[in-house]
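Subject: Structure for you to look at

Hello,

Here is the structure I said I would pass on. Please open it alongside this message.

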Amino acid sequence: MNAFQANKLALYFIAGTQDLAPNQTLPELLEKAIRGGITAFQYREKGPNSLKDAHAVEEMARTLQMICRKYQVLFFINDDLELALTIQADGVHVGQTDQPIQDVIARSAGQLMIGLSCHQLAEVQAANNIPEVDYVGIGPVFKTSSKSDAEPPLGIEALHVLAAASTKPVVAIGGLTPQNISTFDFNAITGIALISALTQSDDIAQTLNLCRQAMHLVDCQTPSE
């Protein structure tokens, strides 16, 4: 992943229809988040209230992808390699217990950026030795309600240990808010992944601006169409 793409991991939004509040639609929420300043989006359709029909999932993915392309925001698919390849997404993100990473690499054949979740030092070190892995997602840092099968929270100290050990760009994830990221070491952490902090926000643009301030980034600017 080149430096420009790594920078586009700074404000990384993850969501699916299961994360919506009443009267929200995912395309509308995504567009608000993009206008607020997110730099990457991962479509993660999982959980009890998620879409189950494969055709509906693909249609939603294509709709979200079109919005991301309109604003030149990176578009990732969570776990579903075949869907990512079918719609020619920018990338795919997989966990340690999803498809084996070598199978993902072989099947994607260089067509996709690849993100890999890591929770332990050994997993980070293993990822360092896989050239095709473009970035690692480290977490959950704090307790999260967005994923029912989440690993135990790492805490900030362990996050910093794992981030310092990574030779890849690091995206921190898990229960992140503008307040609790204020002591993160952003020399070692490239970006933050946000779910409920945005899906449950009354003012997405303000939430993202607070995150950018905590990360010592410039204020948000509305993306040009």
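Below is what was found in it, going from the barrel to some single residues.

Please keep in mind that this is a predicted model.

The barrel. Eight strands form a closed barrel in the order E1-E2-E3-E4-E5-E6-E7-E8, and the pairing is parallel. Neighbouring strands of this sheet are turned against each other by 25° on average, direction ignored. Within the barrel, E4 pairs with strand E5 (residues 113-118) in the parallel sense, over 4 bridges. One residue pair to look up is Gly 91, whose bridge partner in E5 is Met 113. Helix H6 lies across E5 and E6 and runs at about 160° to E5.

His 93. This residue is in strand E4, which covers residues 91-94. Is His 93 buried or exposed? Its relative accessibility is 8%, and because the cut-off for buried is under 20%, His 93 counts as buried. The side chain of His 93 makes a polar contact with the side chain of Ser 117, at 2.7 Å. Beyond its neighbours within four places in sequence, His 93 is in contact with a number of residues, among them Tyr 12, Gln 42, Asp 79, Gly 115, Ser 117 and Tyr 135.

Helix H7. Which residues of H7 (residues 156-165) are buried? They are Leu 159, Leu 162 and Ala 163. Seen down the axis of H7, these buried residues fall within an arc of 100°, so they line one face of the helix. In general, an α-helix has 3.6 residues a turn, so residues three or four places apart point the same way. Glu 157 and Ala 164 are exposed, on the other side of H7. The elements that cover the buried residues of H7 include helix H6 (121-128), strand E6 (135-138) and strand E7 (170-172). H6 therefore turns up twice in this message: it lies across E5 and E6, and it is part of what covers the buried residues of H7.

Ile 67. This residue sits in helix H3, which spans residues 54-71. Ile 67 has a relative accessible area of 11% and is buried. Leaving aside neighbours within four places in sequence, Ile 67 is in contact with Pro 27, Leu 30, Glu 31 and Ile 34. Gln 24 is 43 residues away from Ile 67 in sequence, and the C-alpha to C-alpha distance between the two is 16 Å.

Regards

Notes:
Residues numbered from 1 in each chain as written. Predicted model: local features only at pLDDT ≥ 70, side-chain atom pairs only at ≥ 80, totals over all residues. Heavy atoms only, no water. Helix = DSSP H or I, 4+ residues; strand = E, 2+ residues; numbered from the N terminus. Buried < 20%, exposed > 50% of the residue type's maximum accessible area, 1.4 Å probe, protein only. Contact = heavy atoms within 4.5 Å. Polar contact = N/O pair within 3.5 Å; in protein donor to acceptor, adjacent residues only side chain to side chain. Arc of directions from axis to C-beta. Pairing = 2+ DSSP bridges. Axes fitted to C-alpha atoms, helices over the stretch in contact; angles between N-to-C directions.
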